[in-house]
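Please look through the sequence and the structure that follow, and keep both at hand while reading. The paragraphs below lead from one feature to the next.

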Amino acid sequence: MLDIGFTELLLVAVIALVVLGPERLPQAIRTTAYWVGKIRRSFQSVKEELEREIDADGIKQQLHNEAVMKELNKTREQFQSQINDLKRSVSIDPAEDQTCSGVNTPPRGDSGSVSGDDSASKKAVNDSSTHLSQEKGSN
């Protein structure tokens, strides 16, 4: 607020001591401090009353909430557009679907379902890879 340094305060104190004298200086400081405090409290009271009247905190909170919601909606729209792009890029073309049908699938276990054993799955993948490489070699 006021840009007063230590040297300026010291200069004012020396001038006040010379003008008022050592007898009246303490009383003048007390009176000045009393009035400065009273003025500060008055301004603070008026400020608090005005804030209550216009509900500044409520307005600030509402503006903040609106900004957050706008950002969330923007992010949601971006994610939705990315999801739609991914769906379009993942969709299989009918011509590509026919080429994929020629790929051999790994054999199933006795019950007809894929077993949960990793070593059996690895063996099946290796067998199918060997089978495909043999087919390519014979052509």
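How many aromatic pairs does the count come to? In this predicted model, the count comes to 1 aromatic pair. The pair is formed by Tyr34 and Trp35, whose rings are arranged edge-to-face, with 5.5 Å from centre to centre and 80° between the planes. The angle is classed in this way because planes over 60 degrees apart count as edge-to-face. Tyr34 has a relative accessible area of 45% and is therefore partly exposed, and Trp35, with a relative accessible area of 47%, is likewise partly exposed.

With that pair located, the overall framework can be set out. The chain contains 4 helices and 0 strands, and from the N terminus on its elements follow the order α-α-α-α. Of its 139 residues, 4% count as buried, where buried means under 20% relative accessible area. The accessible surface of the chain comes to about 12,900 Å², and 59% of this surface belongs to carbon and sulfur atoms.

Part of the surface can be followed along helix α1, which spans residues 6-54. Phe6 lies in this helix, and together with Leu10, Val14 and Val18 it makes a nonpolar surface patch of about 450 Å². Phe6 has a relative accessibility of 65%, so it counts as exposed, the cut-off for that class being over 50%.

A patch of another character, one of negative charge, is found on the surface where Glu48, Glu51, Asp55 and Asp57 gather. Among these residues, Glu51 has its place in helix α1. Glu51 has a relative accessible area of 38% and is therefore partly exposed; residues enter such a patch if they have over 30% relative accessible area and no salt bridge.

The last feature to consider is a contact between charged side chains. Side chains of opposite charge can pair when their charged atoms come close. The structure holds 1 salt bridge, and this contact is formed by Asp85 with Arg88, whose closest N and O atoms are 2.9 Å apart. A salt bridge calls for a distance within 4 Å, so the 2.9 Å between Asp85 and Arg88 satisfies the cut-off. Both Asp85 and Arg88 lie in helix α2, which covers residues 56-90, and they are 3 residues apart, about one turn of the helix. Are the two partners buried or exposed? Asp85 has a relative accessibility of 42% and so counts as partly exposed, whereas Arg88, with a relative accessible area of 57%, is exposed.

Conventions. Residues numbered from 1 in each chain as written. Predicted model: local features only at pLDDT ≥ 70, side-chain atom pairs only at ≥ 80, totals over all residues. Heavy atoms only, no water. Patch = residues over 30% accessible without salt bridge, like charges linked within 9 Å, V, L, I, M, F, W, Y side chains within 5 Å. Areas by Shrake-Rupley, 256 points an atom, 1.4 Å probe, with all protein chains shown as cover. Salt bridge = Lys/Arg side-chain N within 4 Å of Asp/Glu carboxyl O. Lys, Arg positive; Asp, Glu negative; His and termini not counted. Charge placed at Lys NZ, Arg CZ, Asp CG, Glu CD. Helix = DSSP H or I, 4+ residues; strand = E, 2+ residues; numbered from the N terminus. Buried < 20%, exposed > 50% of the residue type's maximum accessible area, 1.4 Å probe, protein only. Phe/Tyr/Trp six-rings, centres within 6.5 Å; stacked < 30°, edge-to-face > 60°.
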